[in-house]
Amino acid sequence: MLLSSLVLAAATAVSSVTALANPPVTDGKVVGGYALFGDPVKLKLLADNAANLPINRVWLSFVRPDLYYEPGSNTLVGVGLNYNNTQADYGFAEIKQYVQKLQAGGVEVFLAMGGWDYNCWPWSYAYYSIYNYGTTTPTYQSTIQKYGGGQIGACNEGNQFCYSCEPPSNGNTFDSFTIFPEPANSATWKQAQDYVTKNSKMPEKPVWHPELVGGAKYTTEKNGVVTVPGSNVWAQKGRDPYQDFVYVAKDLGLDGVDIDYEEFWHADMFKTDTSAQKNCGNGCTLYQTVYKFSAIMENMRINIKNIYPSLKLSTAASAAGAWAGTWWGGNHKGLTLNMVPSYPDLVAFVGTGANAGGWNIMTYDLSNSTVNCPPAPATCSLDGQVNFYMAQHTAAGVVANVGYEIGTPAYPPPAIDAAHSMPLTNALAGAIISNTQPYYKGGFFWELFKPQASPSDIHVTTLARVLCKAVLGANTPRCSGSIPILVNDVLPGSSDTVPIGPPGPAPSGPPACADPYSPTQQYTNGMKFSYNGYNYACTYWVPAGTQPGQPGLPQQGLCASTGAATSTIAPPASSTAKSTTTAVITTAQPSSSAAQTSSPAATSAKPTTTAAPGVPCTAAWVSGAAYSGGAQVSNKGFNWVANWWTNTEPNTADASWKQVGACGSGPAPSSSVVPPVTSSVVAPSTSAKPTTSSAAPATTSAATGGEIFNGASCTVFGARACSNQCQCSYVTVNGAYALQYQCTPASARC
């Protein structure tokens, strides 16, 4: 995601306003797009057509992470949105007016902080994220090689360290860029730091960098003194940019805010690296960046609760963020995954509940070069990679939305490595919407007014319509609307047909936990163990006592302590339909209806089974419903418990269900399920949220008698207690599964 620069100026205070009520959305299901400012006409076009937009959410992009805003001032002078800097209030009143029109038309309005330029430090990115990893990468070739003749010493602030963040054709200056600050002056930031430190399960302590403030002179190991990009007005005024972000949202009456965090330089600069060359030759860890991002999100959560309790929070997250295994530098692989064990309540705040804006996974800007392909059996095609990365988030228990991009991807660099670029075509969009989207509650795209690069690229209206029908339902009136035309005309020769087929396999549940970690064991390459509910694998010899998560012992992801083998959840019964359907989108006529059909397979009646007397049956299993781990149902005369998220029918051949025993004493209380929703786009329910309960609250009193100890009964799989020493897990008791606390150490009690 890219953005333009803004010159900060003085603010003029005006009267305060009251936040507007949130508009309704469809059962929490979201289809939306980001709108990049630079032209205020964009917002007017969206507002004027609000009721007919084939989306129900828009993210206005981007504000600076080092913004300042004084509550009630009603001016965006220090916000950096770059909406209309010629107006006295920098567009505040106009934006507020258009926000109201969008909301009246049923569209939620979010404001996004960050984007690529508002994340990028040209010096650090050049030295740590590009030069540090060799001369053969496409990024090196398109920056240091192209503009510095291959000499890093020729790169400086004047040429923005050889145009590491943006090419010169963009017209950026050094002042175009900034970074996310650590506002040590803020009481809520200190609260967030305390939360991060106290709850960390990572093997390193946080090291904070409040000295990295815009305009500050920073002494480096490589280049002496360099300037930190960005503004320090917030610090001079004694303000907290993240708190002020919430105040801006409240005064504008917004529905939500979004954190687009892409500080790759931070991960590379502050990594733990045991290699002599400091190039992740043995693999690295990015725990310090996990700490920083978690503190930012926690600071947002604190201020939302204190200032604007109805505000939602979303984040644009790295595609590889939940991918387990060794991190080799250069991206944010594993950042989200490493948050889950330490901060499950924070992860859940973004993904589920009243304040959930969602984890928007940027499953685009992907390369099909061999070094960037996910492991088999995943394929390296765009749809294959999207499916793989989304499945990693499901396995980690992160409730996420699928990302799409219009036109030419930003990566790999088009001028250097176009051969490995994977733009979104109609066929690829159809494959992703068919195979992956059915298992996720939302989808989004970048960017609402981005043009096609060629007729083979899918047009934004075509994508928005078919995605809208897949998420909100084929008969949703707004799904036949259009995205307004600005610079995004339909190119001659473009197709408006998107092939829609039956859904692919559902995401896999977590694998069984390996043998527990032993501090006296000397681990060697390939050895596996589990620790605090997560599997780990040794990638090279490490001495006994090496903590899980250190280089050599990377986390592999959430595991289930049930003894069940790794299982891919079977697709819903309706997905066995063999016919391929086509969604016909007529972009030239916005008022026309899109025809879209599917032919789900017929479901046969379930046979009746005589149940054993004396044992009550739990609530009956509902065909097409989604069940989270721990859900209890009855089916065919037996009680069952879900081992993890599933929407399959309970049976002994399916590892996602455990048969508890025969039943037959009559009805029992209802269990919690996600009800099915009819859709003619894809066969399964699009309301199903693939999730595991690792994102449960950090503390629970569900143990027998209110006391928690090793072996005590519990009710919420994944819930933690006793300062995170105990976790609610499935164990085998007398041949049957039961939920009990497993504590480390075993003597823990609270």
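Let's start with helix 13 and helix 15 in this predicted model. Helix 13 covers residues 382-395 and helix 15 covers residues 426-435; their axes lie 9 Å apart and the two pack at an angle of about 30°. That angle makes helix 13 roughly parallel to helix 15, because anything under 35 degrees counts that way. The crossing of the two is right-handed. So who touches whom here? On the helix 13 side you'll find Leu382, Asp383, Val386 and Asn387, and they meet Leu428, Ala431, Ile432 and Asn435 of helix 15. Sorted by class, the residues of this contact come out as five nonpolar, two polar and one charged.

A second helix pair is worth a look: helix 8 (residues 241-252) and helix 10. Their axes come within 9 Å and cross at roughly 45°. Helix 8 and helix 10 are therefore oblique to each other, and helix 8 passes helix 10 in a right-handed crossing. Helix 8 brings Tyr242, Gln243, Phe245, Val246, Tyr247 and Lys250 to the contact, while helix 10 brings Ile296, Asn299, Met300, Asn303, Ile304 and Ile307. By class, that's eight nonpolar, three polar and one charged residues for the contact of helix 8 with helix 10.

Here are the two helix pairs in one place.

| Helix pair | Axis distance | Angle |
|---|---|---|
| Helix 13 and helix 15 | 9 Å apart | about 30° |
| Helix 8 and helix 10 | within 9 Å | roughly 45° |

Now for the strands. In general, strands of a sheet pair through backbone hydrogen bonds, either parallel or antiparallel. Which strands close into a barrel in this chain? Eight of them do, in the order 1-2-3-6-9-10-11-12, and the pairing is parallel. Ignoring direction, neighbouring strands of this sheet are turned by 25° against each other on average. Helix 10, which spans residues 287-307, packs on the sheet and touches strand 6 (256-260), strand 9 (312-318) and strand 10 (356-362). The direction of helix 10 makes about 165° with that of strand 9. So helix 10 shows up twice in this story: it packs on the barrel sheet, and it crosses helix 8.

Zooming in on one pairing within the barrel, strand 11 (residues 400-405) and strand 12 (residues 442-446) run parallel and are joined by four bridges. Gly403 stands opposite Phe444 of strand 12.

Further along the chain there's another sheet, and this one is open. It has three strands in the order 18-19-20, with antiparallel pairing. Strand 18 (632-635) and strand 20 (657-662) are the edge strands, each pairing on one side only. On average, neighbouring strands of this open sheet are turned by 30° against each other, direction ignored. Strand 18 pairs with strand 19 (residues 638-642) in the antiparallel sense, over four bridges. In that neighbourhood, Val633 stands opposite Trp640 of strand 19.

A hairpin comes next. Strand 14 (residues 528-531) and strand 15 (residues 534-537) run antiparallel, and four bridges join them. Lys528 has Ala537 of strand 15 as its bridge partner. How many residues sit between the two strands of this hairpin? There are two, and Asn532 in the turn has a positive phi of about 55°.

Two single residues are also worth finding in the viewer. Asn132 sits in the loop between helix 3 (122-130) and helix 4 (138-148). Is Asn132 buried or exposed? With a relative accessible area of 13%, Asn132 counts as buried, because the cut-off for that is under 20%. Leaving out residues up to four places away in sequence, Asn132 touches Tyr127, Lys222, Lys271, Gln277, Lys278 and Asn279.

The other one is Cys726, in strand 22 (residues 726-733). Cys726 is buried too, with a relative accessible area of 1%. The C-alpha atoms of Cys726 and Gly711 are separated by 9.6 Å, and these two residues are 15 residues apart along the chain.

Finally, step back to the whole chain. The protein chain has 16 helices and 23 strands. Of its 750 residues, 59% are buried. Among contacts with a separation of 6 or more, 71% come from residues 24 or more positions apart.

Note on methods
Residues are numbered from 1 along each chain as its sequence is written. This is a predicted model: local features need pLDDT of at least 70, side-chain atom pairs count only at pLDDT 80 or more; totals for chains, interfaces and linings use all residues. Side-chain values use heavy atoms; hydrogens and water are left out. Buried means under 20% relative accessible area, exposed over 50%, partly exposed in between (1.4 Å probe, protein chains only). Contact means heavy atoms within 4.5 Å. Axes are lines fitted to C-alpha atoms, for helices over the stretch in contact, and angles run from 0 to 180 degrees between N-to-C directions. Angles under 35 degrees count as roughly parallel, over 145 as roughly antiparallel, 65 to 115 as roughly perpendicular and the rest as oblique. A crossing is left-handed if the near helix is turned anticlockwise from the far one by less than a right angle, and right-handed if clockwise. Ala, Val, Leu, Ile, Met, Phe, Trp, Tyr, Cys and Pro count as nonpolar, Asp, Glu, Lys and Arg as charged, and the others, Gly among them, as polar. Two strands pair if DSSP finds at least two bridges between them.
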